[in-house]
Amino acid sequence: MTTATATPPAANTPDPMVLWRLIVQAGGMKAYIDGQLKEKGFLVTRRDADSMSDREKDTYKKALKQEAEERRKLRRETWGAYKANHIVHLGEGIFWNDELKPDKWDTPNSEERAAENELPALDKPEQLAEALGVTIPQLKGMAYHRDAATSLHYVRFTVPKRDGTERPIWAPKKRLKASQRWILHNIVERLPVHGAAQGFLVGRSILSNAAVHVNSKILLKMDIKEFFPTVSLRRVKGVFRRAGYRDGISTLLALICTEAPREIVQMEGKTYYVSLGPRCLPQGAPTSPAITNALCLRLDRRLEGLAKKLGWRYTRYADDMTFSLPIEHTGKPRLGALMGCVMRIVAAEGFEVKQEKTRVHRTGGRQSVTGLVVNGDGPPRVSRTLRRQLRSAAHKLKTGKPLQEGETLARLAGYAAFVYMTDPELGKKLLSDLNGGPGAT
């Protein structure tokens, strides 16, 4: 009979990345464990114990016990290496399967579609981690969901809204922000977007948005209610699936780009961030606006088709939808039909119109689109009120008089830059006047 001669295990466990490569080279976890047991002298040749003497049985049992203990130790090490190189689990309510196989929800001809949009080939989490410049554990950490978290990858602050309430902003921390920017530039910005979308796109702006609606007989402005919070994890994942990525990569990309709305709770001296609902696009992530543009492709297509059918023009800047009837239109406006159809289409696309913010402006009053006046056939421009306010502030600075309460040089400079966008000559003069006065230092 051959018995195992126990050799002490290595003092240091191999690095998980190195260990996993050894496991793969060995042909899998079981093959690696068996090989290690044999190499270290722990692997016992199985025999019929009935023919053994009591002394032999005792030695045989001790050898089996040593083998079992070493096998358990090796299993812990190999499982640790597996977890360090695989996702395994992504938190409460998140489906994940490390076996990345095709399924019935894969986009037909997904590889061709991704290639058409020049999207990076991402089939495995390791490829995504390498592209983002992170390890698998770091990738898992950014994507992991907890209903009650003790720390987040976001910093929360608020900004005032026009109605006096506060808008919560969740700004991603450095590593997550860098990953979101990579996803934005290499994937989301390459996805098809409708021509009616004017926000957060190269070559388009509030100016290009307003320019569509100059010289209007009627101007209709409608807002989408809770725009970012309505775009859930499932919908974001759908954007990446339609782009040509499979379930696993789409899940990771969607988790990195979403976060649950949370309430900050203090309990027993600890701070918890408790989720109030499903994950959605956070206000503050660089990927959020561009994802909505890609998601709203069909919405924009349907609304533009409706507008053209009724003789109207249509654009969308984020959650602001604008429709205008050209001054030369001679038929019936059919404003009621337009508004009713818009609400039905928006609802069918998974959104809701914020009816209290719906506005109709006719030629008799001021018509403005994304902050710019569009009355008449001239180019969009800032309001006279704002121009007067800036000239007055520049004069006060020049003569050493105090600004009005609430006015700051930084805010006034921002308004002047706004003017510069539509009227470079006037904007340049205002900026020069604001920066040159005695009170401008």
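A charge sits over a ring if NZ of Lys or CZ of Arg is within 6 Å of the ring centre and within 35 degrees of the ring normal. Keep that in mind for the last stop of this tour through a predicted model.

**Stop 1: the sheet**

Start by colouring strands S7, S8, S4 and S9. These 4 strands make an open sheet in just that order, with antiparallel pairing. Now look at the edges: S7 (313–317) and S9 (359–362) each have a single partner strand, so one side of each is left without a neighbour in the sheet. Going from one strand to the next, the twist averages 15°.

Next, select residues 216–223 and 320–326. These are S4 and S8, an antiparallel couple joined by 7 bridges. For a landmark, click on lysine 221, which stands opposite threonine 322 in S8.

**Stop 2: two helices across the sheet**

Show residues 297–310. This is helix H13, lying across S7 and S8 and running at about 155° to S7. Then add residues 335–348, helix H14, which lies across S4, S8 and S9 and runs at about 25° to S4.

**Stop 3: the aromatic pairs**

Time to switch on the side chains of the aromatic residues. How many aromatic pairs does the count come to? There are 6 aromatic pairs.

Zoom in on phenylalanine 200 and tyrosine 317. Their ring centres are 5.7 Å apart with the planes at 40°, so this pair is tilted. Phenylalanine 200 belongs to the loop between helix H7 (174–186) and helix H8 (206–211), while tyrosine 317 is in strand S7, so the pair ties together parts 117 residues apart in sequence. Add a surface and compare the two: phenylalanine 200 is partly exposed, at a relative accessible area of 48%, whereas tyrosine 317 counts as buried at 18% relative accessibility.

Move on to phenylalanine 227 and phenylalanine 351. With centres 5.5 Å apart and planes at 45°, their rings form a pair that is tilted. Phenylalanine 227 lies in helix H9 (residues 227–230) and phenylalanine 351 in the loop between H14 and S9, so parts 124 residues apart in sequence are tied together by this pair. Are these two residues buried or exposed? Phenylalanine 227 and phenylalanine 351 are both buried.

For a short detour, select Trp20, Trp79 and Tyr82, which ring pairs link into a cluster.

**Stop 4: a charge over a ring**

Finally, return to phenylalanine 351 and add arginine 235. The charged end of arginine 235 sits over the ring of phenylalanine 351, 4.4 Å from the ring's centre.

Conventions: Residues numbered from 1 in each chain as written. Predicted model: local features only at pLDDT ≥ 70, side-chain atom pairs only at ≥ 80, totals over all residues. Heavy atoms only, no water. Pairing = 2+ DSSP bridges. Axes fitted to C-alpha atoms, helices over the stretch in contact; angles between N-to-C directions. Contact = heavy atoms within 4.5 Å. Phe/Tyr/Trp six-rings, centres within 6.5 Å; stacked < 30°, edge-to-face > 60°. Buried < 20%, exposed > 50% of the residue type's maximum accessible area, 1.4 Å probe, protein only.
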